[in-house]
Amino acid sequence: MTKITLVAFDGTRFDVDAENGSTVMENAVRNSVPGIEAECGGACACATCHVHVDEQWAETVGAPEPMEEDMLDFAFDVRPTSRLSCQIKVRDDLEGLVVHVPERQA
């Protein structure tokens, strides 16, 4: 298990023990994190699981693949550290990862 933190727009922190191999989105949905709608269920076909990766984690998480970049064009408040949480797989080196949910989804 890897501990990740999802911060809702209102500042509420959700500290989650996430199973490696799952996605940040799956863990957000399981833990009822407000603001993660996940309308496509993790198929990278919408932008309703958009998050801002905390800057200190951006390099470790990595950049989005081209298909994800295309979906981010539909997201609200896109930043350099924006990612779709369905595309971030939980792994050991993400222990302590922090992501922030934007004010709203696309």
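Helices and strands here are DSSP runs, numbered from the N terminus. The model is predicted.

**Figure 1. The loop between α1 and β3, at Gly 41.** Gly 41 sits in the loop that links α1 to β3. With a relative accessibility of 55%, Gly 41 counts as exposed, because the cut-off for exposed is over 50%. Met 25 lies 16 residues from Gly 41 in sequence. In space, the C-alpha atoms of Gly 41 and Met 25 are 8.7 Å apart.

**Figure 2. The overall fold has 3 helices and 5 strands.** Along the sequence, these elements run β-β-α-β-α-α-β-β. The radius of gyration is 12 Å, close to the 13 Å that the globule rule gives for 106 residues, so the protein is as compact as a globular protein of that length. Along the principal axes, the C-alpha atoms fill a box of roughly 30 × 25 × 25 Å. Of the 106 residues, 45% count as buried. The accessible surface comes to about 5600 Å². Carbon and sulfur atoms hold 47% of that surface. Among contacts with a separation of 6 or more, 65% are between residues 24 or more positions apart. The count of helices and strands in the title covers the whole protein.

**Figure 3. The largest nonpolar core.** This core has 32 residues. Those with the most contacts inside it are Leu 6, Val 24, Ile 36, Leu 84, Ile 88 and Leu 97. Two or more core residues come from each of β1 (2–7), β2 (13–18), α1 (24–30), β3 (50–53), α3 (66–72) and β5 (97–100).

**Figure 4. Close-up of Val 24 and its contacts.** Val 24 is one of the core residues with the most contacts inside the core. Leaving out residues up to four places away in sequence, Val 24 touches Ile 4, Leu 6, Ser 85, Ile 88, Val 90, Leu 97 and Val 99. Three of the names in that list, Leu 6, Ile 88 and Leu 97, also appear among the core residues with the most contacts.

**Figure 5. Close-up of Ser 22, in the loop between β2 and α1****.** Ser 22 has a relative accessibility of 8% and so counts as buried. Its side chain makes a polar contact of 2.8 Å with the side chain of Asn 27. Beyond four places in sequence, Ser 22 is in contact with Asn 27, Ile 88, Lys 89 and Val 90.

**Figure 6. Close-up of Thr 5 in strand β1****.** Thr 5 is buried, with a relative accessible area of 8%. Setting aside neighbours within four places in sequence, Thr 5 is in contact with Arg 13, Phe 14 and Asp 15. Leu 97, Val 98 and Val 99 are also in contact with Thr 5.

**Figure 7. Cysteine pairs without a disulfide.** A search of the whole structure finds 0 disulfides. Cys 46 is in no disulfide. The nearest cysteine sulfur to Cys 46 is that of Cys 40, 3.6 Å away. Cys 86 is in no disulfide either. For Cys 86, the nearest cysteine sulfur is that of Cys 49, at 3.8 Å. These pairs do not count because a disulfide needs sulfur atoms within 2.5 Å. Cys 46 is buried, with a relative accessible area of 15%. Cys 86 is buried as well, at 6% relative accessibility.

Notes
Residues are numbered from 1 along each chain as its sequence is written. This is a predicted model: local features need pLDDT of at least 70, side-chain atom pairs count only at pLDDT 80 or more; totals for chains, interfaces and linings use all residues. Side-chain values use heavy atoms; hydrogens and water are left out. A nonpolar core is a set of buried Ala, Val, Leu, Ile, Met, Phe, Trp, Tyr and Cys residues joined through side-chain atoms within 4.5 Å. Buried means under 20% relative accessible area, exposed over 50%, partly exposed in between (1.4 Å probe, protein chains only). Helices (H or I, at least four residues) and strands (E, at least two) are DSSP runs, numbered from the N terminus. Contact means heavy atoms within 4.5 Å. A polar contact is a pair of N or O atoms within 3.5 Å; within protein, one must be able to donate a hydrogen and the other to accept it, and residues adjacent in sequence count only if both atoms are side-chain atoms. The radius of gyration is taken over C-alpha atoms; the globule rule is 2.2 Å times the number of residues to the power 0.38. Accessible areas come from the Shrake-Rupley method with a 1.4 Å probe; for residues, only the protein chains shown count as cover.
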